[in-house]
Amino acid sequence: MQKKRSPKGSGHKHKKQFGQNFLNNPRIIDQIVAAIRPQSDDHLIEIGPGEAALTEPLLQVVRKMDIIEIDTDLIAPLTRRFGTNPAFHLHHTDALSLDYATLLEHDREMVRVVGNLPYNISSPLLFHLLNYAPHIRDMHFMLQKEVVDRICAEPGSKTFGRLSVMMQYACQTEYLFTVGPENFTPPPKVDSAIVRLVPYAQKPFVAENESDFADLVKQAFSQKRKTLRNTLKGWLNSEQIEACDVDPGARAESLSVAQFVQLSNYFTQLKTSNPDNTQE
């Protein structure tokens, strides 16, 4: 669900394929900008500016702002409004396929990312952005509340899943506030929420092979009602799971991020020492 403030008289037709619901409450816009706290030396990347509800106040502050917009009909209006601002850089492209490294001014630059993300691409886009985490200082997104609940969920809760583990492995996650449907035109059928994600400079728990970690987490949650001894069959047997101080009779949703890292590292070590037959 993509959410922006629609200026009066814009005449823009909301497009379902882009999940467009425009914010119409200036107070919420101010609240989001206050949470972001833009600084004069910031390089911001905004995904899905729509009709510039966030773009306008942020662009007044920051040094550089790369704007990612897929909707062809919004390119000309955005260019007319902000094209003369030297900080404004518009990219007519798909945020899911963009190589964000091409936006960096140098190899050690840290950028900040903001956006109102369409629900139908929010999870894959978050995973895509994690590939660039070493260059991201923080991210502030408006998402469907259900997605933010999942990102910030605690182990053992019904909402804790693959997205929770992967985001919490890479980032500090913080649920900031809820935004109700009445703040949008047209009003969506669900609540939205703002989340802050801060990639770790040094992760508290480090997977020896992050590809193995991602694959194992995905496998563990592939059948949420089954226990680890079943979902990880072919990866780790019950004895190997127990060797990680994890109950093989537990379900994936009950494990902490640290326990997933422990299982992943055990699997990686087995694979390295016995590549032809990991599970003995």
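How do the residues of the lining of the second largest cavity divide into nonpolar, polar and charged? They divide into seven nonpolar, three polar and no charged. The structure discussed here is a predicted model, and this briefing moves from its cavities and its largest pocket to strand β6, to helices α4 and α6, and finally to a few individual residues.

**Cavities**

- The count of cavities of 30 Å³ or more comes to two, of which the largest has a volume of about 50 Å³ and the second largest a volume of about 30 Å³.
- The lining of the largest cavity is made up of Ile-45, Tyr-100, Ala-101, Leu-104, Val-111, Val-113, Leu-129, Tyr-132, His-135 and Ile-136, and by class it has nine nonpolar residues, one polar residue and no charged residues.
- Around the second largest cavity stand Ile-32, Ile-36, Leu-54, Val-114, Gly-115, Asn-116, His-140, Phe-141, Met-142 and Ile-194, and at least two residues of this lining are supplied by each of α1 (26-36), β6 (111-116) and β7.

**The largest pocket**

- The largest pocket holds about 420 Å³ of space; it is lined by 19 residues, and those closest to its centre are Leu-130, Ala-133, Ala-170, Lys-203 and Glu-210.
- Two or more residues of this lining come from each of α4, β7, α6 and α7 (210-220), with the largest share, four residues, contributed by α6.
- By class, the lining of the largest pocket has 14 nonpolar residues, one polar residue and four charged residues.

**Strand β6 and its partners**

- Six of the six residues of β6 are buried, so this strand is largely enclosed by the rest of the structure.
- In a regular strand the side chains alternate between the two faces of the sheet.
- In β6 both faces are covered, since Val-111, Val-113 and Gly-115 on one side are buried, as are Arg-112, Val-114 and Asn-116 on the other.
- Strand β3 runs parallel to β6 and is joined to it by four bridges, and within this pairing Leu-44 stands opposite Arg-112 of β6.
- Strand β7 also pairs with β6 in the parallel sense, over six bridges, and here Gly-115 stands opposite Phe-141 of β7; Gly-115 and Phe-141 are both among the residues that line the second largest cavity.

**Helices α4 and α6**

- Helix α4, which covers residues 119-130, has 12 residues and reaches 17 Å from its first C-alpha to its last, close to the 16 Å expected at 1.5 Å a residue.
- The buried residues of α4 are Ser-122, Ser-123, Leu-125, Leu-126, His-128, Leu-129 and Leu-130, and they pack against β3 (43-47), β7 (136-144), α5 (145-151), α6 (162-170), β8 (171-179) and β10 (192-199).
- Two of these buried residues of α4 also take part in linings, as Leu-129 belongs to that of the largest cavity and Leu-130 is one of the residues closest to the centre of the largest pocket.
- Eight of the nine residues of α6 are buried, so this helix is largely enclosed by the rest of the structure; the buried ones are Leu-163, Ser-164, Val-165, Met-166, Met-167, Gln-168, Tyr-169 and Ala-170.
- The cover over the buried residues of α6 includes α4, α5, β8, β10, α7 and α10 (257-273), and Ala-170, one of those buried residues, is also among the residues closest to the centre of the largest pocket.

**Individual residues**

- Most residues other than glycine have a negative phi, and most peptide bonds are trans.
- Ala-52, in the loop between β3 and α2 (55-59), has a phi near 75°, a positive value in a residue other than glycine, and Ala-52 is buried, with a relative accessible area of 2%.
- Asp-245, in the loop between α9 (238-242) and α10, likewise has a positive phi, near 60°, in a residue other than glycine, whereas its relative accessible area of 63% makes Asp-245 exposed.
- Pro-26 has its place in helix α1 and is partly exposed, with a relative accessible area of 44%; the C-alpha atoms of Pro-26 and His-92, which lie 66 residues apart along the chain, are separated by 26 Å.

Definitions and conventions: Residues are numbered from 1 along each chain as its sequence is written. This is a predicted model: local features need pLDDT of at least 70, side-chain atom pairs count only at pLDDT 80 or more; totals for chains, interfaces and linings use all residues. Side-chain values use heavy atoms; hydrogens and water are left out. The expected span of a helix is 1.5 Å times one less than its number of residues. Buried means under 20% relative accessible area, exposed over 50%, partly exposed in between (1.4 Å probe, protein chains only). Contact means heavy atoms within 4.5 Å. On a 1 Å grid over the protein atoms alone, a cavity is a set of points where a 1.4 Å probe fits but cannot get out, and a pocket is an open set with protein on both sides within 12 Å along at least five of seven lines; lining residues have an atom within 4 Å of a point. Grid points are joined across faces, edges and corners, and a volume is the space filled by probe spheres set on the points. Ala, Val, Leu, Ile, Met, Phe, Trp, Tyr, Cys and Pro count as nonpolar, Asp, Glu, Lys and Arg as charged, and the others, Gly among them, as polar. Two strands pair if DSSP finds at least two bridges between them.
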